[in-house]
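Here is a short chat between someone new to this model and someone who has looked it over.

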Amino acid sequence: MLYTSTRNQKVGISAAEAITRGISEDGGLFVPVAIPRIDRGFLEALQPMDYIERAVSVLGLFLEGFSEEELRTYAKGAYGGGKFSGVSPAPVVRAGEHLNILELWHGPTCAFKDMALQILPYLLTGSAKKINNHNKIIILVATSGDTGKAALEGFCDVAGTGILVFYPVDGVSPMQKLQMTTQKGENVGVCAIRGNFDDAQSGVKAIFTDPAVKEKLRENGYVFSSANSINWGRLAPQIVYYFSAYVDMVSQGSIAMGEPINIVVPTGNFGNILAAYYARRMGLPVKKLVCASNANNVLTEFIETGHYDRNRKFYTTISPSMDILISSNLERLLYMLSEGDDGEIRRLYASLAETGTFRVSETVARQVREIFAAGCCDDDATKATIARLFREEGYLCDTHTAVAVKVYEDYRRKTGDTTPAVIASTASPYKFSASVLDALTGGSIRAQDEFAMVHELEEKTGIPAPQQLRSLSGKTPRFTDVCDKAQMCEKVYQMLGLK
């Protein structure tokens with residue numbers, strides 16, 4: 001299977017090359033030339049497997065050039081060895097009559113990004129060997145909170161790699177910030193930027209595609225790659241858990257084999273729901289993909305109208321990982337829906353860069369509406385959902401999952417669509433203790449600091465916080481630098497010891 005660029009259809013490279021490069025030189029994203037198709041027999045074969053074997057089966061459809069044994073070694077290294085708590089890395093939990101919650105946060109950093117970023121280092125270093133790339137790979141990451149820590153954890157002290165993470169100084173939760181700034185490892189670096197996630201993301205992308213920067217790195221034995229979901233090696237493992245959730249729902253009796261489901265995803269950068277779209281294209285029985293946004297509802301407007309407009313007020317919300325106005329993975333969807341029209345993608349994204357907006361054709365807009373539904377909610381509705389779900393069902397969710405629950409309930413009420421649904425739960429509630437506690441107490445919080453809030457939330461709910469978060473208490477940050485967006489390239493050179 002070959003991979004091409006969303007902005008240049010003449011590109012044709014292997015999976016190993018696509019993963020190693022991360023992003024195309026033309027600024028486009030790598031996509032598979034063809035989408036593999038599965039049948040009912042494939043799903044039936046997945047059902048008795050554990051998560052590791054399911055990952056091998058699904059990834060093997062996309063990663064030609066990797067043997068089954070290689071993929072099994074990678075999956076065991078990522079998902080085995082006690083890195084994930086519980087029976088499965090991605091269990092489906094019932095929370096009431098209509099809510100099937102796909103919990104994706106049982107990994108080492110308590111966020112869904114672990115599901116991909118625990119296996120990406122294996123895929124990346126394995127890919128580099130396959131294409132005889134002997135340079136040290138520098139992973140450059142922009143994060144709205146969870147990707148940064150998950151990438152740092154995944155690449156910590158991995159031979160032949162270094163990782164540099166940029167995050168918005170006021171755009172992550174205190175727990176997310178502490179997770180990143182206390183990271184151990186000799187090959188890691190972290191820096192805050194003055195700005196929001198979109199500033200960090202566009203800054204990283206500019207560094208990636210700057211020929212002068214790439215040449216300077218090459219001269220010093222380095223090459224860039226990405227751990228953001230612009231990297232196919234990050235996105236492909238996310239497809240796995242939608243297949244896993246489907247067959248788990250069959251095993252639990254929630255659906256019959258072959259019965260369609262809806263998938264509800266809280267999303268900002270569009271990668272997590274795009275993985276669900278790929279699963280649907282492959283043949284997973286999915287009726288509707290429901291895209292849930294917070295007050296930064298640029299995706300809601302786009303899905304409903306076909307008009308993408310980032311020229312709007314940016315809100316800092318209690319679901320910060322979704323505080324994004326430039327959803328980079330949308331480009332992959334538009335490429336597929338426009339039947340690989342790279343000229344159209346270049347036009348759309350040139351317009352986005354120049355004016356902050358674009359409008360897709362009515363043909364593409366109609367396809368988007370047929371496949372996706374969308375909704376959004378503000379912080380007050382998010383808090384109310386957290387409180388009600390715990391009060392009525394005894395289920396404690398984080399601020400991002402609550403957005404998805406609220407949007408799904410609105411969708412179900414508005415459309416009457418009773419198709420069984422699974423909701424992607426993206427983080428432990430203890431990563432956002434202040435907001436979750438505020439929701440449950442109506443603002444009557446006794447505690448003052450982050451870890452006192454963790455303890456109060458444990459007392460309030462009887463649900464213990466993950467040990468990996470509790471263990472951060474008392475740790476002193478290693479990384480305290482803050483820079484402007486214009487200084488990001490300089491910071492990269494500094495962290496790599498280059499002049």
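What follows is a few questions and answers on helix packing and charge pairs.

This is a predicted model, where local features need pLDDT of at least 70, side-chain atom pairs count only at pLDDT 80 or more, and totals for chains, interfaces and linings use all residues. Residues are numbered from 1 along each chain as its sequence is written, and side-chain values use heavy atoms, with hydrogens and water left out.

Reader: How do α4 and α6 run relative to each other?
Author: Helices here are DSSP runs (H or I, at least four residues), numbered from the N terminus. The axes of α4 (residues 68-79) and α6 (residues 120-130) come within 10 Å and cross at roughly 150°. Axes are lines fitted to C-alpha atoms over the stretch in contact, with angles from 0 to 180 degrees between N-to-C directions. Over 145 degrees counts as roughly antiparallel, so α4 and α6 are roughly antiparallel.

Reader: How many salt bridges are there?
Author: A salt bridge needs a side-chain nitrogen of Lys or Arg within 4 Å of a carboxyl oxygen of Asp or Glu. By that rule the count is 26.

Reader: Which residue does D484 pair with in a salt bridge, and is D484 buried or partly exposed?
Author: D484 has a relative accessible area of 33%, and buried means under 20%, exposed over 50%, partly exposed in between (1.4 Å probe, protein chains only). So D484 is partly exposed. Its closest N to O distance in the bridge is 3.1 Å, and the partner is R194.

Definitions and conventions. Helix = DSSP H or I, 4+ residues; strand = E, 2+ residues; numbered from the N terminus. Parallel < 35°, antiparallel > 145°, perpendicular 65-115°, else oblique.
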